[in-house]
Every structure is written in C-alpha cells, then in structure tokens.
Amino acid sequence: MEKQEVFKERREIDDEKKTVTFRGLEGHVMEQLKVYEANFQFIPKSEDGSVCKITFNWEKRNDDFPDPSNYMKFIKSLAADMDDHVIKA
C-alpha cells in the first residue's frame, strides 16, 4: 500500500493554447523540491483526438534527495485520467 501524501497546487488553464499547468505550492513533494511544475499541452491530431505533450520541471532542494520518479509516474497517470475524461465527454 502506498503512503498518502498532501499536495497543494495552483492550476492554470489556457484554453487558447490548450494547456493545463500544475504548480506545486505546499505538501510532501515540496519538502524535497523547490520547483514542481507539470505542463500538459494538448495538440489536436484529428476531430476525435489529440496528443498530450507533458513537460515536467523540477528542482531538488539539495542533491541528497532522490530524483522525483514517483511524481513523474503520478504526472503520467494524470495525463491518462484526462484522456479518459476527454474520451468519455
């Protein structure tokens, strides 16, 4: 069982650019990282679908902390959840 974590974020949605940005503000992840920013850009490919380009910017508080691979997995799952939502909409 994975441990639960607290994460406070700010979401920015730009309909014109078709982007969603999550910026970390507080919580467990911010104990290890100075910067946590995930950007999802949706690039239309047809009437029925698009491609999601994910950019993850992060900066560790110090070099002793591990790379945030578990948070990268979380970001990938967010993209899959958004895709499911768009398909069902």
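**Note on the aromatic cluster, sheet and pocket**

1. Phe 7, Tyr 36, Phe 56 and Tyr 71 come together as one aromatic cluster. The model is a predicted one, and the points below should be read with that in mind. Several members of this cluster turn up again. Phe 7, Tyr 36 and Tyr 71 are also among the residues that line the largest pocket.

2. The sheet is open and has four strands. Their order is β1-β2-β3-β4, and the pairing is antiparallel. The edges are β1, residues 7-14, and β4, residues 50-60. Each of these two strands pairs on one side only. From one strand to the next, the twist averages 15°.

3. Strands of a sheet pair through backbone hydrogen bonds, in either a parallel or an antiparallel sense. Here β1 and β2 run antiparallel, with eight bridges joining them. Strand β2 covers residues 19-27. To find the register, start at Phe 7: Gly 27 in β2 stands opposite.

4. β1 and β2 also form a hairpin. Four residues lie between the two strands. Look at Lys 18 in this turn: its phi is positive, at about 55°.

5. On to the next pairing. Five bridges hold β2 and β3 together, again in the antiparallel sense. In the register of this pair, Thr 19 faces Gln 41 of β3.

6. The count of aromatic pairs comes to four. One of them is formed by Phe 22 and Phe 40. Its geometry is edge-to-face, with 5.6 Å from centre to centre and 85° between the planes. Why edge-to-face? Planes over 60 degrees apart count as edge-to-face, and the angle here is 85°.

7. Where in the chain do these two rings sit? Phe 22 is in strand β2 and Phe 40 is in strand β3, residues 33-44. The two are 18 residues apart, so by the record of this pair distant parts of the chain are linked. Are Phe 22 and Phe 40 buried or exposed? Both are buried.

8. The largest pocket holds about 380 Å³ of space. Its lining includes a run near the start of the chain: Glu 2, Lys 3, Gln 4, Glu 5, Val 6 and Phe 7. Val 29, Tyr 36, Asn 70, Tyr 71 and Phe 74 complete the lining.

9. Which element gives the largest share of that lining? Helix α2, residues 69-88, does, with three residues. By type, the lining divides into six nonpolar, two polar and three charged residues.

Key:
Residues numbered from 1 in each chain as written. Predicted model: local features only at pLDDT ≥ 70, side-chain atom pairs only at ≥ 80, totals over all residues. Heavy atoms only, no water. Pairing = 2+ DSSP bridges. Axes fitted to C-alpha atoms, helices over the stretch in contact; angles between N-to-C directions. 1 Å grid on protein atoms, 1.4 Å probe; cavity = no way out; pocket = protein on both sides within 12 Å on 5 of 7 lines; lining within 4 Å. Points joined across faces, edges and corners; volume = space filled by probe spheres on them. Nonpolar A, V, L, I, M, F, W, Y, C, P; charged D, E, K, R; others polar. Phe/Tyr/Trp six-rings, centres within 6.5 Å; stacked < 30°, edge-to-face > 60°. Buried < 20%, exposed > 50% of the residue type's maximum accessible area, 1.4 Å probe, protein only.
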